[in-house]
Each structure stands twice: as structure tokens, then as C-alpha cells.
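Please examine the sequence together with the three-dimensional structure shown below. The paragraphs that follow begin with the model as a whole and then turn to particular sheets and residues.

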Amino acid sequence: VAWSMARDESSIDIWVGSNLGILKGISLESKKCLNYLPGQLTLADMDKSREICVMCWEDGGKDKIYVALRSGLVQCFSCAESRFTAECDCSGGDGAFVGIGKHAGTLITCTEKGCLAFWPQSEDKIGRNVGANVARMRANPESPLQVATGGRENDLKLWDGNNLEEPVFEAKNVRNDFLDLRVPVWVTDLGFVPGTAASQPVIAVGTGHKQLRLYDTRAQKRPVYNKEYGKSAITALSCSGDGRYYFIGTAMGDMARIDLRKGEVVNRYLGFAGAVLSIDTYSDDSRHLVAGCGLDRYLRVFNLDPPTTQHQMYVKLQCNCVLFGKTQESAGSCDAITCEHGSMQDAEGKGHSDGDNDEGDDVWATMEAVGDTESTRQPVKKRKTLAKLVSRAKLRRTKRV
């Protein structure tokens, strides 16, 4: 269904995928949140079986979004037409999707059971199993058909889509700890550092045991940088466009910017009340932004220089993933903004706000205020102390004698 929008869709700055399968387009300038549904479906038809697990842009551009659902479907959303234009069944393996990519006309998917698949347009599916308990798969934006995978007891591996027999790079676990015990492996998220060699990239990794690691595939199999951060598992990771910083989010709602060269925490971003599930960055000549979302149903956008809260919006659903679109120059001020009610989109494509409830406001306005007057105030009973009770008991005994 083509939605009849009242405003140009190029003004949508951020796209958010929710746990009910609703794709949300957010405009930072007008503080609006619009819903996009596939086909003839309505808001009542959406459930967790259509949960958006991961999504990505096509070939590094920002014209089409590929959305992977828990049901095994992959949908294509056209930003120019403001609708879902295609849908295909990619449920070749069991489990939810943990990664998706679109490069050189080939769709790349991976499930948590380890089914890595390449879907060319004119050829049959090409795939293999990369190991169980995969937590994240990401495609290298600077090298077509190159992807990295990792998960629980499934360390980092780098794959080439042209030859899936053996991984191009397979990480080696760190040395045993001071008790000579093996360090468990649990890769939760990863990202390619921009500006490195396309064939042998540098990869940043976050683990479920609070570890931040940096792998240089040209130098060695063990991480060249390994350090613990925070008090909980790292759940989201993203690298900056210049390759100098990477941003991490934890299961306790901590979000920070870390300098890759110095290994130091540069900034911490506050406000999250639950796990941070997705982080994305945006940079141009005048602005450098980072967006994060998660379990608390808030989308937060931070400015890097100076480090301030740029926008904050309540989107009413759990946010699984976030992507920056063609961000426009904001006409308003850069102060922190809290939108308690995002605007929704009905079945006819018209945007409306759930927060406008004038009828309820009228009912509250007609009610009389109850004051704390002398006639309505209840007398306060004084509690008897232990000393008074003891003295009264002694007095009773003397009277009896």
C-alpha cells in the first residue's frame, strides 16, 4: 500500500525497527514519529512473530532499507516511495536473524543457528554453517561479500562470499587468566573499523563478559587490544566514520565513546533505563551525531562535539535497531527535546498523535480540588512510648497493694 504522506519523506532522519515489526521513521526537525506497515496490515495485526531483528541499507546508500523479520521474511522498504516494495522468504535455517547485508546485488543473511547464506539475484543460494550460537554477523561495507561472524563459544571469523570453504581469518582466544583457567568466549557485537585494508580489515568486538577487543587481521590472531569496561555485558557496538572512536552500549544502560588509539573512555552518555540494543553514527561537515535505542523504548540522539543530548523521543515500542537516514539540517535549537508521544499513522496513511486527549483533559478540569482543610483533616493518634506504658503498669501495681 502506498501511503499518502503530507510531507516529503526525505525529511525522515532516523529509522527504527521495533519488536512488533513496525518500521518507524523519525523526523528530528518536526519531532514526528511515523509508522510504516507492509501490505494491507494494520497496527492490530502486528505481533512479535514479525519482530524486526536486524536491518541495513543497500550497498552503502540510503535509498532502500532491508528488514529481516523473526518469521524468516526479508522485506525491502523504499524511502523514495515510502512503502515496502518487495518481500522474500529467507528462512533457510532455524533461529532468528542476527545479521543482514546487501552488496553488489547479493543479499546476505545469517541466523543464530549459524546458517550463513548468500542470495544472488540470478543464481541459487550459496551458504554454509559457521557454528552454533551466533550472536552477530556484519558485512564489510568496504569489501563486497566479506562478512564477520561471532557468538557464544564461537569466536570471531572472517568469511569471503566467493569462497566459503574456510574462513579468511579465525581469531584465537586470549591466554589463560592468572589462575591458568580458560577465558570463555562470548562475542555479542562487532564492527569494521573504517579506513583499514579492505581485504584484511581491523575489527572491533564487544563480548558478554565486559571485554572490548580489537583484532588486526594483518598482524595476529589474538586481539591487539583487550580491556574490560563497565559492570555488565556489552550489547551494542558501532564505529565512527573516521575510524578513531567506537561506541558501546551495555545491558545496564551504559553508553560510552572510546578512543581506539588510546583505549580511554572519552564520553559517557546518560539517560538509558535498560539495555542498549543498537547504536548508529552520522557525520557531515557541520555535525557529528550518535543515536542509541533499547529496552526503555526511547530513542536518544547525542551530539559529539560538544557532548550534549540533542534529541530524545519516546517511540512506545522496544527498539531493536536504529539507522541514520539522510539527516537534514535542523532548523530549531540543539537543546534536549523530550517527545512524550510520537505521532502514529493510521490505516489511511494520515499521521495522528496518540497524546492528544482533549476529552480527558476536560473531565479533569471540571473536577473540584480537594484541599487539606481543618474540617477534613483527620486527627493524628499519638503513639504511646514504652516509658509511659511502664510507668502506668507500676502505678496499677501500687494501687492494688
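In the hairpin of strands β8 and β9, two residues lie between the strands, and Lys102 has Leu107 of β9 as its bridge partner. That pairing is taken up again below, after an account of the whole chain.

The model is a predicted one. Its mean pLDDT is 82, and 82% of the residues reach 70 or more. Confidence is below 50 over residues 1–8, a stretch that has 21 contacts in the model beyond near neighbours in sequence. The pLDDT is likewise below 50 over residues 330–361, where 61 contacts of this kind are found.

The secondary structure comprises two helices and 31 strands. The protein has 401 residues, of which 49% count as buried. Among contacts with a separation of 6 or more, 46% join residues that are 24 or more positions apart. The protein exposes about 20800 Å², and carbon and sulfur atoms supply 49% of that area.

Two open sheets may be considered in turn. Strands of a sheet pair through backbone hydrogen bonds, in either a parallel or an antiparallel arrangement. One sheet consists of four strands in the order β4-β5-β6-β7, and its pairing is antiparallel. Its edges are formed by β4 (52–57) and β7 (83–89), each of which pairs on one side only. Neighbouring strands in this sheet are turned against each other by 20° on average, with direction ignored. Within the sheet, β6 (residues 73–78) pairs with β7 in the antiparallel sense over six bridges. One residue pair at this junction is Val74 with its bridge partner Cys88 in β7.

A further open sheet of four strands has the order β8-β9-β10-β11, again with antiparallel pairing. At its edges stand β8 and β11 (126–129); each has a single partner strand, so one side of each is left without a neighbour in the sheet. The twist from one strand to the next averages 10°.

Is the edge strand β8 enclosed or open to the surroundings? Seven of the seven residues of β8 (residues 97–103) are buried, so the strand is largely enclosed by the rest of the structure. The absence of a second partner strand concerns the sheet, whereas the burial of β8 concerns the rest of the structure as well.

Strand β8 is joined to β9 (residues 106–111) by six bridges, and the two strands run antiparallel. Ile100 has Thr109 as its bridge partner in β9, while Lys102 is matched with Leu107. Two residues lie between the strands of this hairpin, in which Ala104 takes a positive phi near 50°.

Leu107 also leads to the next strand of the sheet. Phe118 lies in β10 (residues 115–119), and its C-alpha atom is separated by 5.8 Å from that of Leu107, eleven residues away along the chain. With a relative accessible area of 3%, Phe118 falls under the 20% limit and is therefore buried. Leaving aside neighbours within four places in sequence, its contacts include Thr106, Leu107 and Ile108, and also Asp124, Lys125 and Ile126. Others among its contacts are Leu145, Val147, Gly161 and Leu164.

Two threonines illustrate side chains in polar contact with the backbone. Thr217 is found in the loop between β18 (211–216) and β19 (225–228). Although this residue is in a loop, Thr217 counts as buried, at 12% relative accessibility. Which backbone oxygen does the side chain of Thr217 reach at 2.7 Å? It is that of Pro201; the side chain of Thr217 also reaches the backbone oxygen of Gln200, at 3.3 Å. Not counting residues up to four places away in sequence, Thr217 touches Leu158, Phe169, Gln200, Pro201 and Ile203.

Thr281, by contrast, has its place in a strand, β24 (residues 276–283). At 17% relative accessibility, Thr281 also counts as buried. A polar atom of its side chain lies 3.5 Å from the backbone oxygen of Cys239. Cys239 is also one of the contacts of Thr281 beyond its neighbours within four places in sequence, among them Ser238, Ser240 and Gly241. Further contacts of Thr281 include Phe247, Leu289, Val290 and Phe324.

Technical notes:
Residues numbered from 1 in each chain as written. Predicted model: local features only at pLDDT ≥ 70, side-chain atom pairs only at ≥ 80, totals over all residues. Heavy atoms only, no water. pLDDT = per-residue confidence, 0-100. Contact = heavy atoms within 4.5 Å. Buried < 20%, exposed > 50% of the residue type's maximum accessible area, 1.4 Å probe, protein only. Pairing = 2+ DSSP bridges. Areas by Shrake-Rupley, 256 points an atom, 1.4 Å probe, with all protein chains shown as cover. Axes fitted to C-alpha atoms, helices over the stretch in contact; angles between N-to-C directions. Polar contact = N/O pair within 3.5 Å; in protein donor to acceptor, adjacent residues only side chain to side chain.
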